[in-house]
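Hi,

Here is the structure I promised to pass on. Have a look at it first, and then read my notes below.

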Amino acid sequence: SSKACGPLFQWAESQIRYSTVYNRIQPLRDEVVQLEHEAKGVKDKLETVEAEVESLEASISQYKTDYAVLIRDVEALKGEMEAVMTKVERAESLLRSLGHESDRWQKSSDSFETILKSLVGDGLLMA
């Protein structure tokens, strides 16, 4: 009986040590599971944020490209506007000149009509 009792005692003693160690480690295992769960949540959130950042960076890049195109178009429009303004100024100047010329022609026409009215009388006086 003493031969069987020694190994049985060792087995019982190792079971008690195992149980003691298991009971001390179980809260640590639970904490590891909780931390792994939190880490997964944080990792998912990180991936979401990184995807959003990538999307925003792509949008910013597109906006920069669009802005450059718009600035180029504005500069082209400014050039066209200056050319049109020059043409308008020339046209206004021409219209003013033609207006003065029209006044002069009107005066010439009026004096010509006066000459025509007095032509018959002047012709009779000359004869």
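Start with Glu13, which makes a salt bridge with Arg17; their closest N and O atoms are 3.5 Å apart. Both residues sit in helix H1 with their positions four residues apart in the count, about one turn of the helix. Glu13 has a relative accessibility of 33%, so it counts as partly exposed. Before you go further, please keep in mind that this is a predicted model.

How many salt bridges are there by this rule? The count comes to five, and here are two others that I looked at.

One of them joins Arg104 and Glu101, where the closest N and O atoms come to 2.2 Å from each other. These two are three residues apart in helix H1, so about one helical turn separates them. Arg104 is partly exposed, with a relative accessible area of 44%, and Glu101 is partly exposed as well, at 25% relative accessibility.

Another links Arg72 with Asp73, with 3.7 Å between the closest N and O atoms. Is Arg72 buried or exposed? Arg72 is exposed, because its relative accessible area is 53% and the cut-off for that word is over 50%. Asp73, at 34%, counts as partly exposed.

Now for the aromatic rings. If you search the whole structure, you find one aromatic pair. Tyr18 and Tyr22 form this pair, and their rings are stacked: the centres are 6.0 Å apart and the angle between the planes is 25°. Why is the pair called stacked, with 25° between the planes? Because planes under 30 degrees apart count as stacked. Tyr18 and Tyr22 are four residues apart in helix H1, so they are separated by about one helical turn. As for the surface, Tyr18 is exposed at 54% relative accessible area, while Tyr22 is partly exposed at 35%.

Last, the charges. Which residues gather in a patch of negative charge on the surface? They are Glu47, Glu50, Glu54 and Glu57. Take Glu47 as your way in: this residue belongs to helix H1, which covers residues 2-126. With a relative accessible area of 46%, Glu47 is partly exposed. That value fits the patch rule, because a patch residue needs over 30% relative accessible area and no salt bridge.

If you'd like a place to begin on screen, try the stacked pair of Tyr18 and Tyr22, then move along to the patch with Glu47.

Cheers

Notes:
Residues numbered from 1 in each chain as written. Predicted model: local features only at pLDDT ≥ 70, side-chain atom pairs only at ≥ 80, totals over all residues. Heavy atoms only, no water. Patch = residues over 30% accessible without salt bridge, like charges linked within 9 Å, V, L, I, M, F, W, Y side chains within 5 Å. Areas by Shrake-Rupley, 256 points an atom, 1.4 Å probe, with all protein chains shown as cover. Salt bridge = Lys/Arg side-chain N within 4 Å of Asp/Glu carboxyl O. Lys, Arg positive; Asp, Glu negative; His and termini not counted. Charge placed at Lys NZ, Arg CZ, Asp CG, Glu CD. Buried < 20%, exposed > 50% of the residue type's maximum accessible area, 1.4 Å probe, protein only. Phe/Tyr/Trp six-rings, centres within 6.5 Å; stacked < 30°, edge-to-face > 60°.
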